[in-house]
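This report covers helix packing and empty space in one protein model. Please keep the structure open while reading.

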Amino acid sequence: MSTPMASAPPPTVDLRLRRAVAGVLVLWAVGLVLAEVVLQVAAGAAVLLAGVLVARKRLRLAPDVRAYVVASLALCAWQLVSPAVALLTGAAQKWPRGSRYGQVLDTVAGAAVACIGTVGVPWMLLAAVVAGGWLLAAALGLFQNRVKWPWEPPAFLKLSVSRLHENFGTEASPRYAAGGVFFHRLRFAHGAIAALGPALAVLGGSEVARRRAVAGVVVLGMLVSIYNAFARAALGAALIVSVVALLLLVQGRARRVGLALLAVVVVAVLVSPAWRARLGKAVGNVYGGERELAMSVGWILVREHPLTGVGFGNHRPAAMATAAQTGINDFLATDSHNLWLTAWAETGLVGLVLLAGMHGLLGRALIRRHRAGSLAATGALLSFVGFHVLSLVHYLPFHSSVHLSFALVWGLGLCEGSGVLRDGPDSTATSARS
C-alpha cells in the first residue's frame, strides 16, 4: 500500500491536465461563433495535449476510435509529403502557400479531440457556451440582414465586411447577407450545420424539458441564421439534417409537429423573392455555370495526375495553369467545389482512399455509439450527414473555421459521458460515468 505522500502527486497532475483539456475545449467552443484564429489556436493546443498523453503513455482508446485516429494520422502524413511528391513527379512547380499547407493540422483535429476527451469533457459548460454563442450570433445576423453594416474594422482583422453589403433583396426592401461575428456568410452558415447536429440531438433526446426548450431556441436561431445568409446548400443541408433527426429521435405527434415546422420554413423560402431568385440561379450554377467549370477543371487535374495528384494545397496554381484552355479565374480555381474531387486532384488516388477510409471509420464509430445511447454521438452523426451533403457542392476544408467546427463535434461524439446532457440531475449513475 502506498503512503498518502506517495499518492498525492498523480491527482495533482490529473487535475492540471483536466483543466487544460477543459480550457482547450471551451476555447474551441467559443471559436465556433467568434473567429477562425480562435479555432486554430484551440486545435493546435488539442494536438499538443494529445501528444502529451501519448508521451506519458496515458492514452487509452477504444479499438474503433483508435482506428479512426490512425486513419487521420495516415491521411495527414500523406498530405504533408504530397507536395514533395508532386514536385518530384513534375505535377507541381512550387511548394503550396503556407496558409493552405498548414491546413494539414485540421485533418487530425477531430482525432485530437477524441484523444484529449478521454481525460474528461465539461459537457454542460460546452453546451452553455455553444448555445449562448449561437443565440448571440443569430441576433447579430438578424441585425446584419436588415441594416447595412456601418462599422469599418481595422485592416489587420481581415474581416470581409463587403460580403455583408451584398443586397439579395430589392432597392426598396434590401436584405443583406448576414455573416454573424465571422463577417463571412458561407463560413457562418456552413459552421451552423456543424453545431446544428448536437442542438437537434439535445432537442430530441434530452429528458430535461428546460434543456429541450433551450435546444429548440438554438435550432430555430441556426435555421434563421442560415436563411438570412442566403446560403442555398447550407439551407438544404439543414433541412435534410432536421428531417433525419426527426426520423431518428422522435415519433408520433412530436415528429408530425416537427415536419410541419420544417414545411413552414420551406414555404417561407418559396414566398421570398430574394430566395426564389437564389434558387433559380442554383441549377444554372451547377449545369453550365461556375460550379460546373470548377469541377471540370478538377477532372482535368485528376486525369493528368490520377495517382498522386498535384500536391496538397496546390489546386489553385494547377487550375490556373489551365486558364487559357478552360477560362477558369483565380476565384474559382481555389478548389473543385466538391470534397472528393478536390481531394483526388490534390492528393491523388492515394489521398482519396485515405480520406474515404478516415470518414468511413468515423461514421462507423459514431453509429455504434449512437446505438449505445450516446447523445454526443447522435449529434455528431447528424453533423456528419450535413457535412457530406454540403461536400457535394463545396470543399469545406478550404475554410478552417468550417472544418474545425465539424472536427470538434465529431471528436466529442467519440468521447464518453455525454449522458449528462440527456438525463436530469437525479440521474447519479449517468453523472458518475461522465
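How many nonpolar, polar and charged residues does the lining of the second largest cavity have, by class? The count is four nonpolar, three polar and one charged. The model is predicted.

## The second largest cavity

This cavity holds about 40 Å³ of space. Its lining consists of Tyr68, Asp106, Thr107, Gly110, Met358, His403, Ala407 and Trp410. Helix α20 (400–413) gives the most, with three residues. Two elements, α6 and α20, each supply at least two residues.

## The largest cavity

The structure holds two cavities of 30 Å³ or more. The largest contains about 180 Å³ of space. Its lining has 18 residues. Nearest its centre lie Gln79, Thr107, Leu355, Tyr395 and Pro397. Thr107 also appears in the lining of the second largest cavity.

Three helices each give at least two residues to the lining of the largest cavity: α4 (63–89), α6 (104–107) and α18. The biggest contribution is from α18, with eight residues. By class, the lining divides into nine nonpolar, seven polar and two charged residues.

## Helices α18 and α19

Helix α18 also packs against a second helix. α18 spans residues 339–371, and α19 spans residues 375–390. Their axes come within 10 Å and cross at roughly 155°. Angles over 145 degrees count as roughly antiparallel, and α18 and α19 are therefore roughly antiparallel to each other. The crossing is left-handed.

On the α18 side, the contact uses Leu339, Trp340, His359, Leu362, Gly363, Leu366, Ile367, Arg369 and His370. They meet Ala377, Thr378, Ala380, Leu381, Phe384, Phe387 and His388 of α19. The contact has 10 nonpolar residues, five polar and one charged.

## Helices α8 and α10

A second helix pair is formed by α8 (residues 123–146) and α10 (residues 185–205). The axes come within 12 Å and cross at roughly 150°. That angle makes α8 roughly antiparallel to α10. The crossing of α8 and α10 is left-handed.

Val130, Trp134 and Ala137 make the contact from α8. Phe188, Gly191, Ala192 and Ala195 make it from α10. What classes do the residues of this contact divide into? Six are nonpolar, one is polar and none is charged.

## The second largest pocket

Both α8 and α10 also line a pocket. This is the second largest pocket, with about 630 Å³ of space. Its lining has 28 residues. Those nearest its centre are Leu126, Ala127, Ala128, Val202 and Leu421.

Which elements give two or more residues to this lining? They are α8, α10, α11 (209–229), α19 and α20. The largest share, seven residues, comes from α8. By class, the lining divides into 25 nonpolar, one polar and two charged residues.

## Shared elements

Several elements recur. Helix α18 lines the largest cavity and contacts α19. Helix α19 in turn contributes to the lining of the second largest pocket. Helix α20 serves that pocket and the second largest cavity. Helix α6 supplies at least two residues to the largest cavity and at least two to the second largest cavity.

Note on methods. Residues are numbered from 1 along each chain as its sequence is written. This is a predicted model: local features need pLDDT of at least 70, side-chain atom pairs count only at pLDDT 80 or more; totals for chains, interfaces and linings use all residues. Side-chain values use heavy atoms; hydrogens and water are left out. Axes are lines fitted to C-alpha atoms, for helices over the stretch in contact, and angles run from 0 to 180 degrees between N-to-C directions. Helices (H or I, at least four residues) and strands (E, at least two) are DSSP runs, numbered from the N terminus. Angles under 35 degrees count as roughly parallel, over 145 as roughly antiparallel, 65 to 115 as roughly perpendicular and the rest as oblique. A crossing is left-handed if the near helix is turned anticlockwise from the far one by less than a right angle, and right-handed if clockwise. Contact means heavy atoms within 4.5 Å. Ala, Val, Leu, Ile, Met, Phe, Trp, Tyr, Cys and Pro count as nonpolar, Asp, Glu, Lys and Arg as charged, and the others, Gly among them, as polar. On a 1 Å grid over the protein atoms alone, a cavity is a set of points where a 1.4 Å probe fits but cannot get out, and a pocket is an open set with protein on both sides within 12 Å along at least five of seven lines; lining residues have an atom within 4 Å of a point. Grid points are joined across faces, edges and corners, and a volume is the space filled by probe spheres set on the points.
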